[in-house]
Amino acid sequence: MNRDAEVTIYADGGCRGNPGPGGWGALLRLGENEKELWGGEAHTTNNRMELTAVIRALEALKRPVAARILTDSQYVQKGISEWIHNWKRNGWRTSDKKPVKNADLWQELDQLSREHRITWVWVKGHAGEPGNERADQLANRGIDEIQAAARRA
């Protein structure tokens, strides 16, 4: 792999019901190489799955890279680019002194993202962006697998 190449990551998460069974999906691209990742949880929220998708994608990287992460979640994009600085300064509390929701995942994402040079990009969901559509399909696969496992149990 070219050391200077940028990895492109499409990440998506969702739930059937919120909270409810949830799934996350990520598509990683470097040149012609692609890797698909997905998973799910029996009882979670959309926002937790959106964060999990990005975390699992970053965990899959074998070394520090330049990465462009595309997400249709403004919660993720704005959270990591804007809000997190104040949350950290305020001891993981919001401006109205309430605990930050999903602080465990935000802290994990913050740690992982420091290992890479990341450009965060928001894309409109369900608008025909092929990479985002694939990440959405992977997230739905995660939900399908969780629901199938629950039926077998």
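Helices and strands are named here as DSSP runs, numbered from the N terminus, and in this predicted model proline 19 falls in the loop that separates strand S1 (6-15) from strand S2 (20-30). The peptide bond joining asparagine 18 to proline 19 is cis, with omega at about 10°. In general, most peptide bonds are trans, and most residues other than glycine have a negative phi.

Two further loop residues have a positive phi, although neither is glycine, as the table sets out for asparagine 102 and histidine 126.

| Residue | Phi | Loop | Relative accessibility |
|---|---|---|---|
| Asparagine 102 | near 65° | between helix H2 (74-89) and H3 | 14%, buried |
| Histidine 126 | near 55° | between strand S5 (117-122) and helix H4 (130-152) | 60%, exposed |

Asparagine 102 counts as buried because its relative accessibility of 14% is under the 20% cut-off, whereas histidine 126 counts as exposed because its 60% is over 50%.

Within helix H3 (residues 103-113) lies aspartate 110, which is buried because its relative accessible area of 8% is under 20%. When residues up to four places away in sequence are left aside, aspartate 110 touches Ile80, Ile84 and Lys88.

Helix H1, covering residues 46-60, contains 15 residues and reaches 21 Å from its first C-alpha to its last, which is close to the 21 Å expected at 1.5 Å a residue. The buried residues of H1 are Met49, Glu50, Leu51, Thr52, Ala53, Val54, Ile55, Ala57 and Leu58.

Terms used
Residues numbered from 1 in each chain as written. Predicted model: local features only at pLDDT ≥ 70, side-chain atom pairs only at ≥ 80, totals over all residues. Heavy atoms only, no water. Helix = DSSP H or I, 4+ residues; strand = E, 2+ residues; numbered from the N terminus. Expected span 1.5 Å × (residues − 1). Buried < 20%, exposed > 50% of the residue type's maximum accessible area, 1.4 Å probe, protein only. Contact = heavy atoms within 4.5 Å.
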